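Reader: I'm new to reading protein models. Could you walk me through one, starting with how its parts are laid out?

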Amino acid sequence: NIHLVAKWLGSLEKKLEQHSEGSHRDFRVFISAEPAPCPQSHIIPQGILENSIKITSEAPTGMHANLHRALDNFSQDTLEMCSQEKEFRSILFALCYFHAVVAERRKFGAQGWNRPYPFSTGDLTISVSVLHNYLEASSKVPYDDLRYLVGEIMYGGHITDDWDRRLCRTYLEEFIKPEMLEGELCLAPGFPLPGNMDYNGYHQYIDDALPPESPHLYGLHPNAEIGFLTQRSEQLLRTLLELQPRDGNAGEGGVGTREETVQALLEEMLEKLTDEFNTAELMAKVEERTPYAVVALQECERMNVLTAEIRRSLAELELGLKGELTMTSDMENLQNSLFLDTVPESWVRRSYPSTASLGSWFADLLARISELEAWTRDFSLPSTLWLGGFFNPQSILTAIMQTTARKNKWPLDKMTLQCDVTKKSREDFASAPREGAYIHGLFMEGARWDAQAGTIADARLKELTPAMPVLFIRAVPAEKQDSRDMYPCPLYKTRQRGPTYVWTFNLKTKENPSKWVLAGVALLLQT
């Protein structure tokens, strides 16, 4: 527990210095420590670090190493300890594969797991103990009980996100089922569950039969790897950019000084930024405060808060650059953000979730403003709504339900949204529907929408987030919603997923919905 020994480390350093001379030549000190969660926890004195040989225990990477490591927790004795030997060995190997998959899936970022979880070998060994106890106590294999205990308690105990829980549950439904004893189960494409083998035989089987590392081993599309490698590269390049010296001129062939670059950008932004919405005037214009009108007014108020902060901070920085105001740390941070093309912290706090660079973010902001201006001219619902253009997309979806509930005198809590994917694009719609709304600007990650067949289909290689056609969203009583051959697809604001969850839409699928669960298929409002 390193925070308890912070003071003691100083005296340890002195002791080591004293013992460095005159001690036995074989005298060694071993220190072990967990990785520090943040830079503030890096408290081991520099002297100790410089004089020590540092050894790190890295988690294995890749399915091959993870599967061997999972199996290394057991031995030939483990395989022989159960009276139902065939069942025990098959399920034990399937659990090892499951453990390797859930541990290594983290590398795919939010498409792998919405949130990272600390799955450990302890989860695997306890699950195998539970398996042994259940098989000893029952002549039949209790598949449902095993899946529940492993998926909801042993591994599920770490999981805090409902969609991640669904993913964990789906893996176990695919890996642990009666077909596994009939030799009909493939843990991954081209990797059947092995038959009855001894311990070394299983290790050999992994070496011989496991296909090369690819997203297919996790049930993901190859695009998932492209996505995560791209994000890693962007992160690396951004870090390099932040490490560049910040003083003086830009060098030969540069475009002037840092201040000049920021000044030009600042003037351009102030020029393009429109006036704030006059909310009093808009409220007077609204004849009836329908749910849609309320959403429009709320969005205008939120936009005013953001644009006011942008205008204030930019005007303040402009005076600072001219020397008329003393530069504060906030102004310097803003200047750095403008120079590095990142969205400033004070804007992010008043903004909506976004992963875009500053240039794209500002262009997107102007598009959102013009969309709101068009809507608030007469407050009639636009022919198609840009769902990604809202600060709070849930509000407009709830407004669709409220409007239908009032019209048909239905109880709101007994209603749900039905999602029909049209075959048309935004330009093909001239007016809003009589009930519900048309929405555009959605993207799909992990798969694509086949407009001709009207179902989810496998993504095309290198098309990471294909655009969706216009969606027709309407409210229906919950009991009338058709759930057959449907994939409950989560909708998120950004590719970060997790806390940016908006809603769930049921999308038609010809294939088993579990395929799309394992592929991490989701709808996004931004790419």
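Author: Sure! Keep in mind that this is a predicted model. The C-alpha centres of domain 1 and domain 2 lie 40 Å apart. Domain 1 covers 2-51 and domain 2 covers 63-220, followed by domain 3 (258-380) and domain 4 (381-526).

Reader: What does UniProt place at residues 88-224?

Author: An unreviewed UniProt entry puts "domain: Dynein heavy chain AAA lid" there. In the model, residues 88-224 are 53% helix and 4% strand.

Reader: OK, now rings. How many aromatic pairs does the structure hold?

Author: There are 22 aromatic pairs. Take Trp163 and Tyr501: their ring centres are 5.8 Å apart. The planes meet at 45°, so we call the pair tilted, which is the label between under 30 degrees (stacked) and over 60 (edge-to-face). This pair joins distant parts of the chain, with Trp163 in helix H8 and Tyr501 in strand E11, 338 residues apart.

Reader: Which label fits the pair of Tyr492 and Tyr501?

Author: Edge-to-face, because their planes are at 70°, with the centres 6.0 Å apart. Tyr492 is buried, at a relative accessible area of 1%, while Tyr501 is partly exposed at 30%.

Reader: Which residues do ring pairs link into a cluster?

Author: Phe93, Tyr97, Tyr171, Phe175, Phe191, Tyr202 and Tyr205.

Reader: And where does the charged end of Arg368 sit?

Author: Over the ring of Tyr352, 3.5 Å from the ring centre. Lys424 likewise lies over the face of Phe429, at 5.5 Å from the centre of that ring.

How values were computed:
Residues are numbered from 1 along each chain as its sequence is written. This is a predicted model: local features need pLDDT of at least 70, side-chain atom pairs count only at pLDDT 80 or more; totals for chains, interfaces and linings use all residues. Side-chain values use heavy atoms; hydrogens and water are left out. UniProt positions are given in the numbering used here, feature names are shortened, and annotations may be inferred rather than shown by experiment. Helices (H or I, at least four residues) and strands (E, at least two) are DSSP runs, numbered from the N terminus. Domain bounds come from an automatic or database domain assignment. Rings of Phe, Tyr and Trp (its six-membered ring) pair if their centres lie within 6.5 Å; planes under 30 degrees apart count as stacked, over 60 as edge-to-face and the rest as tilted. Buried means under 20% relative accessible area, exposed over 50%, partly exposed in between (1.4 Å probe, protein chains only). A charge sits over a ring if NZ of Lys or CZ of Arg is within 6 Å of the ring centre and within 35 degrees of the ring normal.
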